[in-house]
Protein chains: 2
Amino acid sequence: MEIYKKQKRQHYLEEHSISHLFSFPIEEFIEVREYKRDEWIIREGMRPDYLFYVIEGKAKIYVTYQNGKVSLINFISAQDFIGEMELLNEVYYTKGIQTSTKTICFAIPFHQCRTQMLEDTTFLRALTKFLSIKATRMSAKYSQSLAFPLENRLADFILQTADEGVYKEKHVTVCDFLGVSYRHLLHVFAQFCDKGYLKKEGHHYRIQQHNKLNELSMILKNE
Amino acid sequence: MEIYKKQKRQHYLEEHSISHLFSFPIEEFIEVREYKRDEWIIREGMRPDYLFYVIEGKAKIYVTYQNGKVSLINFISAQDFIGEMELLNEVYYTKGIQTSTKTICFAIPFHQCRTQMLEDTTFLRALTKFLSIKATRMSAKYSQSLAFPLENRLADFILQTADEGVYKEKHVTVCDFLGVSYRHLLHVFAQFCDKGYLKKEGHHYRIQQHNKLNELSMILKNE
DNA sequence: ACAATAATATGAGATATCTCATATTTTAGG
DNA sequence: CCTAAAATATGAGATATCTCATATTATTGT
């Protein structure tokens, strides 16, 4: 992890100002940090000392179960908070957060700002909104995961992540995210190819029948 | 739905005061309402005009999918907010909320209080905390649901809901909540009985081997 | 008290999904 | 450039879970 100083710091503070999220001057307290790919922003079980706000990059939230199985719970991307649970709750099991690309974020030290943040309506409103959206998404994902077979969730995921009609995600990451075995994920991909929805091109898949995937994905949408 | 007036209203306002959640006098705006069993507090798709705070009773959150399948997403019980999503977000698909017992709650009208509530740090902090816990629970439930078979989730659910060693929930509600078919739920119950973890007594189940259920349930805990 | 509806119960066959074994290809580190 | 590790790929059999059919028992409204 690298901490940006001087111009580099200033540049990010200006380009991605978050002062509108606070009604007090926050900039002086902000550390601008760069994490390399695969670095841990927070280690599972260790309470962070900062509230983070992601400027660019992507990260993943993991949790380890007692049986040793590690699960990817969610993705984090630009404009997400990290560590807000620990800011708000005395008791909270901290999940692990690992970058999947180079990630730049603002780090706001609890020991200097906690009190002020918790007194600031502007900030609290922003945080409340963030949390409410997070809760809604989680809840949607949850009920979807239970109510429908992989076919539907995968179709949705493909449409969300495909770039110019080409799907390039890593199977390993995806089967973890969608909570299915590698084997079964591949099986459903094979089905999609058989049915002509996708065409395999090396390790990528080209979408052939967008509307068919869309039908499958629409089944789990209602908002 | 019945609206309590005079002494009855006053009684509830005093017995279950929520004035500590606000830094302005909220009581004058509060309507005290009683919903009968199976009444809808909010109908799916209809934005509510009130923020609700549950005093006693239980309710269920439902969502209907395009394929017509209705899913129970979560339970609501005393000290939960209802309608906070609609208070915070302009755009939000409102889920249906139906009582499962007689339910008494406070109703705070948006049109009179929205602005004040959104400016009140005390309230916002309370709400943020509520939401953060909600998000965490959802997220735990989600990863659990994907990572483990029903056996584990059911063991956990039994321990959570059993009263003095006796489990009395309705299968119909539970299979919906846990997202499995009625048939399969019964099948796992039968297994638990075979293995001697539970003993069937009429329509109830008596826990025989608490430690065995606990083992199963602990597998999905880490906090 | 009776009829209608909801909840419980069980069997049997279908499907979704998992585990394990094993082979090949790609990627990362020295 | 070479090797180890990670990712991809595929088969086969096991298990979890679903759907449908059907019967019995509670609950509720009139």
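Colleague: Which residues are the closest to DNA strand D?

Modeller: Happy to start there, keeping in mind that this is a predicted model. DNA strand D is surrounded by 18 residues. By class, seven of them are nonpolar, six polar and five charged. The closest are A:Tyr182, A:Arg183, A:Lys200, B:Ser181 and B:His184.

Colleague: What percentage of the atoms of DNA strand D within 4 Å of the protein belong to sugar or phosphate?

Modeller: The atoms to count are those of DNA strand D within 4 Å of the protein. Some of these are base atoms, and the rest are sugar or phosphate. The sugar or phosphate part comes to 58%.

Colleague: Nice. Which residue has a polar side-chain atom 2.7 Å from a phosphate oxygen of DNA strand D?

Modeller: Let's sort the phosphate contacts by the kind of protein atom. B:Leu150 uses a polar backbone atom, at 3.2 Å from a phosphate oxygen of the strand. B:Ser181 also uses a polar backbone atom, at 2.7 Å. The side-chain contact at 2.7 Å belongs to B:His184.

Colleague: Which element gives the largest share of the surface near DNA strand D?

Modeller: The elements giving two or more residues are α6 and α7 of chain A together with α7 of chain B. The largest share is three residues, and the element supplying it is α7(A).

Colleague: Over to DNA strand C: which element gives the largest share of the surface near it?

Modeller: Here 18 residues surround the strand, with A:Ser181 and B:Lys200 among the closest. At least two residues each come from α7 of chain A and from α6 and α7 of chain B. The largest share, three residues, comes from α7(B).

Colleague: How far is the polar side-chain atom of B:His171 from a phosphate oxygen of DNA strand C?

Modeller: Two backbone contacts to phosphate oxygens of this strand set the scene: A:Ser181 at 2.7 Å and B:Val172 at 3.1 Å. For B:His171, a polar side-chain atom makes the contact, and the distance is 3.2 Å.

Colleague: Now the sheet in chain A. Why is one side of β10 and of β11 left without a neighbour?

Modeller: The open sheet has three strands in the order β10-β12-β11, with antiparallel pairing. β10 and β11 stand at the edges, so one side of each lacks a neighbour because each has a single partner strand.

Colleague: Which residue of β12(A) is the bridge partner of A:Tyr167?

Modeller: β10(A) and β12 of chain A run antiparallel and are joined by two bridges. Helix α7 of chain A lies across β10, β11 and β12, at about 110 degrees to β11(A). Back in β12(A), the bridge partner of A:Tyr167 is A:Tyr205.

Conventions:
Residues are numbered from 1 along each chain as its sequence is written. Chains are lettered from A and ligands numbered from 1 in the order in which they are written. This is a predicted model: local features need pLDDT of at least 70, side-chain atom pairs count only at pLDDT 80 or more; totals for chains, interfaces and linings use all residues. Side-chain values use heavy atoms; hydrogens and water are left out. Two strands pair if DSSP finds at least two bridges between them. Helices (H or I, at least four residues) and strands (E, at least two) are DSSP runs, numbered from the N terminus. Contact means heavy atoms within 4.5 Å. Axes are lines fitted to C-alpha atoms, for helices over the stretch in contact, and angles run from 0 to 180 degrees between N-to-C directions. A residue is near a molecule or strand if one of its heavy atoms lies within 4 Å of it. A polar contact is a pair of N or O atoms within 3.5 Å; within protein, one must be able to donate a hydrogen and the other to accept it, and residues adjacent in sequence count only if both atoms are side-chain atoms. Ala, Val, Leu, Ile, Met, Phe, Trp, Tyr, Cys and Pro count as nonpolar, Asp, Glu, Lys and Arg as charged, and the others, Gly among them, as polar.
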